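Welcome, and take a moment to look over the model shown here. We will walk through it together, one part at a time.

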Amino acid sequence: IRTDSPVDRILVKDGRVTGVALADGKEFHAWRVASSADANVTFLRLLNPRDLPDEFKAAVRRIDYSSATVKI
């Protein structure tokens with residue numbers, strides 16, 4: 001676990017997550033990546049849009065964040 005290490009992007013190869021690249025350029029490879037960011041940040045900013053199906057991206061864009069509750 002790293003703290004104070006902003007993630008620039010989630011790495012994907014052959015349709016599978018392979019790790020993360022930090023803002024400082026360091027890369028960490030892992031079998032799994034967990035994100036504490038919301039779905040919009042995780043799937044629409046940290047991942048390359050071409051790595052996700054259009055229908056999934058559209059569903060993420062429709063998530064309503066206007067209430068004060070946690071959405072999982």
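Two strands are said to pair if DSSP finds at least two bridges between them. Strands themselves are DSSP runs (E, at least two residues), just as helices are runs of H or I with at least four residues, and both are numbered from the N terminus. Please keep in mind that this is a predicted model, in which local features need a pLDDT of at least 70, side-chain atom pairs count only at pLDDT 80 or more, and totals for chains, interfaces and linings use all residues. Residues are numbered from 1 along each chain as its sequence is written, and side-chain values use heavy atoms, with hydrogens and water left out.

How confident is the prediction? The score pLDDT is the predictor's confidence in each residue, from 0 to 100. For this chain the mean pLDDT is 91, and 93% of the residues reach 70 or more. As a general caution, where pLDDT is low, the predicted coordinates should not be read in detail.

Let us begin with the sheet. It is an open sheet of three strands in the order S1-S2-S3, with antiparallel pairing. S1 and S3 are the edge strands, as each pairs on one side only. From one strand to the next, the twist averages 25 degrees, where axes are lines fitted to C-alpha atoms (for helices over the stretch in contact) and angles run from 0 to 180 degrees between N-to-C directions.

Now follow the pairs. S1 and S2 (residues 16-22) are antiparallel and share six bridges. Among the bridge partners are Leu11 and Gly19 of S2, and also Lys13 and Arg16 of S2. S2 is also joined to S3 (residues 27-29), by three bridges and again antiparallel. Here Gly19 turns up once more, with His29 in S3 as its bridge partner.

The turns deserve a look too. The hairpin of S1 and S2 has two residues between its strands. One residue to find there is Asp14, which has a positive phi of about 55 degrees although it is not a glycine. Most residues other than glycine have a negative phi, and most peptide bonds are trans. Asp14 counts as exposed because its relative accessibility is 71%; exposed means over 50% relative accessible area, buried under 20%, and partly exposed in between, using a 1.4 Å probe and protein chains only. The hairpin of S2 and S3 has four residues between the strands, and in it Gly25 takes a positive phi near 100 degrees. Back in the segment before S1 sits Asp4, another residue that is not a glycine but has a positive phi, of about 50 degrees. Asp4 is exposed, at 80% relative accessibility.

Next comes helix H1. Which residues of H1 (residues 39-46) are buried? They are Ala39, Thr42 and Leu46. These residues lie on the same side of H1 because they cover an arc of only 130 degrees around the axis, the arc being that of the directions from the helix axis to the C-beta atoms. Their cover includes strand S1 (7-13) and helix H2 (54-61).

Thr42 is worth a closer view. Its relative accessibility is 8%, so Thr42 counts as buried. Beyond its neighbours within four places in sequence, Thr42 is in contact (heavy atoms within 4.5 Å) with Ile10, Ser35, Ala37 and Leu47. A polar atom of the Thr42 side chain lies 3.3 Å from the backbone oxygen of Ala37.

Terms used
Polar contact = N/O pair within 3.5 Å; in protein donor to acceptor, adjacent residues only side chain to side chain.
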